[in-house]
Amino acid sequence: MANTPYPQSYYAASANAAPPRPVLQGEVETDVCVIGAGYTGLSSALFLLENGFRVTVLEAAKVGFGASGRNGGQIVNSYSRDIDVIERSVGPQQAQLLGQMAFEGGRIIRERVAKYQIQCDLKDGGVFAALNSKHMGHLESQKRLWERYGHTQLELLDERRIREVVACENYVGGLLDMSGGHIHPLNLALGEAAAVESLGGTIYEQSAAVRIERGANPVVHTAQGKVKAKFIIVAGNAYLGNLVPELAAKSMPCGTQVITTAPLGDELANRLLPQDFCVEDCNYLLDYYRLTSDKRLIFGGGVVYGARDPANIEAIILPKMLKAFPQLKDVKIDYAWTGNFLLTLSRLPQVGRIGDNIYYSQGCSGHGVTYTHLAGKVLAEALRGQAERFDAFADLPHYPFPGGQLLRTPFAALGAWYYGLRDKLGF
Ligand SMILES: Cc1cc2nc3c(=O)[nH]c(=O)nc-3n(C[C@H](O)[C@H](O)[C@H](O)COP(=O)(O)OP(=O)(O)OC[C@H]3O[C@@H](n4cnc5c(N)ncnc54)[C@H](O)[C@@H]3O)c2cc1C
């Protein structure tokens with residue numbers, strides 16, 4: 001049987017020790033079978049266990065194998081489309097609920113890290129960097145919008161002030177969110193998995209769900225076993241494939257790439273990011289970066305529609321890094337990797353229930369470290385019969401990608417080309 005290891009990455013190379021986890025063999029019975037051990041699955045499992053459910057997690061590869069163990073590590077609040085878009089597309093009551101939840105995921109991460117003593121290099125402070133006055137105007141209205149929903153740890157940065165937090169000459173200003181921040185993402189997932197097990201949950205690795213037998217008593221089948229459950233939570237996101245065919249049409253896996261420099265040394269690292277905040281710029285196809293605990297720069301950006309693995313990741317990302325930081329031209333790149341996130345047409349999460357007992361949350365469109373933690377809580381609430389917050393997400397409208405499964409990739413790439421051109425021209 002295939003044994004899928006972690007992809008080569010800085011995170012895999014610096015991961016905390018984790019126990020070997022069994023492959024599912026034979027039949028087990030549980031209250032909730034969670035499919036996927038990324039943040040969505042692990043967060044759901046933790047909230048459910050804390051509320052007395054028996055939980056079995058099936059992971060096709062290893063804990064944090066997907067986006068949760070490969071991402072930029074940026075704790076970015078709100079959703080991939082902001083609350084103003086939500087306000088325009090849904091009613092005021094639903095918008096109010098979703099707006100209030102927009103910063104909850106970051107708080108959940110901090111609570112988890114504190115409660116279960118997870119070693120994942122948690123740091124506070126995230127910066128949105130403006131490349132032009134239009135971006136700056138957007139950040140000013142974003143601050144007003146977020147404050148309207150009670151999110152107040154925000155500071156606008158003018159051109160002088162942003163130079164104090166990031167040594168990049170390209171920015172005209174920014175917005176500092178002290179409730180943002182960064183983590184070692186794989187170590188967060190590994191710590192959450194250990195917490196799941198400490199509460200009596202079971203995680204099977206190398207145990208892909210290959211078929212779901214639906215009905216009043218659903219059964220999830222793997223190659224060598226099956227799980228009988230009262231409820232199923234589908235949390236496979238961009239790696240799910242066609243296990244649940246009705247989910248595939250309204251979302252599209254996309255790849256995004258990250259590089260990691262050799263250690264920069266304290267002096268250079270502190271010159272680049274003196275307060276150790278993480279940064280993302282305001283472009284549609286945005287660049288994002290931060291320091292690691294051993295003072296490397298992790299830099300990501302760009303999107304490959306349709307989730308193909310690019311042959312030379314460094315060739316795609318390095319020019320972006322050098323545009324932001326020409327001072328790094330002689331620094332060696334030690335790691336480069338790709339990972340998949342799941343895009344929806346609205347860029348808002350795809351949440352819902354199939355029949356009475358199959359729940360899902362996916363498609364946070366490249367902006368999911370915080371949302372996925374919230375999703376776990378909201379799914380657990382729904383399974384306990386408190387579905388108001390779940391319904392606020394489930395009622396968000398979703399549409400199939402134009403062109404269907406065959407043509408959605410070129411259509412989306414065309415859209416991205418258009419937005420990329422707008423970024424370049426500063427519109
Ligand atoms: C390179 C990259 C950088 C990113 N940077 C950031 C960032 O800095 N900040 C941010 O907010 N967001 C970022 N994101 C997005 C964020 O990482 C994701 O939104 C989030 O991790 C998704 O979590 P998840 O649990 O839903 O999915 P995943 O973490 O992808 O987990 C899904 C899991 O399900 C498993 N699985 C799939 N199918 C099956 C099956 N049939 N049976 C069993 N298991 C299955 C997979 O193996 C996988 O482990 C980034 C994403 C990528 C790829």
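Let's start with the domains. The domain assignment splits this chain in two. Domain 1 is built from three stretches, 1-122, 183-250 and 344-396. Domain 2 is built from 126-179 and 252-343. Keep in mind that this is a predicted model.

How far apart are the centres of domain 1 and domain 2? Taken over C-alpha atoms, the separation is 25 Å. The contact uses 32 residues of domain 1 and 29 residues of domain 2. On the domain 1 side, strand 4, helix 3 and helix 4 are the elements that give two or more residues. That side of domain 1 has 17 polar, 10 nonpolar and five charged residues.

Now, helix 4. It covers residues 92-101, and Leu98, Gly99 and Met101 are buried there. Look down the axis: the buried residues fall within an arc of 160 degrees, so they line one face of the helix. Pro92 and Gln93 sit on the other side of helix 4, and they are exposed. What do the buried residues of helix 4 pack against? There are four partners: helix 3, helix 5 (104-115), helix 12 and helix 13 (388-394). Helix 3 you have just met, at the domain contact.

On to the ligand. The shell around the ligand holds 44 residues. The closest are Gly36, Gly38, Gly66, Gly72 and Gly368. By class, the shell has 21 nonpolar residues, 21 polar residues and two charged ones. Which domains does the shell draw on? Domain 1 and domain 2 each give at least three residues. Four elements each supply at least two residues of the shell: helix 2 (39-50), strand 13 (252-261), strand 17 (333-343) and helix 12 (369-383).

Stay with strand 13 for a moment. Gly255 lies in that strand. Is Gly255 buried or partly exposed? It is partly exposed, because 19 other C-beta atoms lie within 10 Å, and buried takes 20 or more. Gly255 and Ala67 are 188 residues apart in sequence, yet their C-alpha atoms are 9.7 Å apart in space.

Next, the cores. In soluble globular proteins, nonpolar side chains tend to be buried together. Here the largest nonpolar core has 115 residues. Val32, Ile35, Ala129 and Ile233 have the most contacts inside that core. Helix 12 gives the most to this core, nine residues. This core also takes at least three residues from each of domain 1 and domain 2. So helix 12 comes up three times: in the ligand shell, in the packing of helix 4 and in this core.

Take Ala129 as a sample of that core. Beyond four places in sequence, Ala129 touches Ile162, Val166, Tyr171, Gly174, Val279, Asp281 and Cys282. Apart from the largest core lies another one, of nine residues, among them Cys254, Phe341, Leu342 and Leu343.

Now two loop residues from domain 1. Val63 is in the loop between strand 3 (55-58) and strand 4. Val63 counts as buried because it has 27 C-beta neighbours inside 10 Å. Leave out residues up to four places away, and Val63 touches Ala18, Ala37, Ala189, Leu190, Ala193, Ile203 and Glu205. Thr40 is 23 residues from Val63 in sequence and 12 Å away, C-alpha to C-alpha.

Ala208 is in the loop between strand 8 (202-204) and strand 9 (211-213). With 23 C-beta neighbours inside 10 Å, Ala208 is buried as well. Which residues does Ala208 contact, leaving aside neighbours within four places in sequence? Ala60 and Thr222. Val23 is 185 residues from Ala208 along the chain, and the two C-alpha atoms are separated by 9.4 Å.

Last item: backbone angles. Ser78 has a phi near 65 degrees, a positive value in a residue other than glycine. Ser78 is in the loop between strand 4 (74-75) and helix 3 (83-89). Ser78 counts as buried, because it has 25 C-beta neighbours inside 10 Å.

Lys295 also has a positive phi, near 65 degrees. Lys295 is in the loop between strand 15 (287-291) and strand 16 (297-305). How buried is Lys295? Lys295 is partly exposed, because 19 other C-beta atoms lie within 10 Å.

Note on methods. Residues numbered from 1 in each chain as written. Predicted model: local features only at pLDDT ≥ 70, side-chain atom pairs only at ≥ 80, totals over all residues. Near = placed C-beta within 6 Å. Nonpolar A, V, L, I, M, F, W, Y, C, P; charged D, E, K, R; others polar. Domains from an automatic or database assignment. Buried ≥ 20, exposed ≤ 12 C-beta atoms within 10 Å, placed from the backbone. Arc of directions from axis to C-beta. Contact = placed C-beta atoms within 7 Å. Core = buried A, V, L, I, M, F, W, Y, C linked by C-beta atoms within 7 Å.
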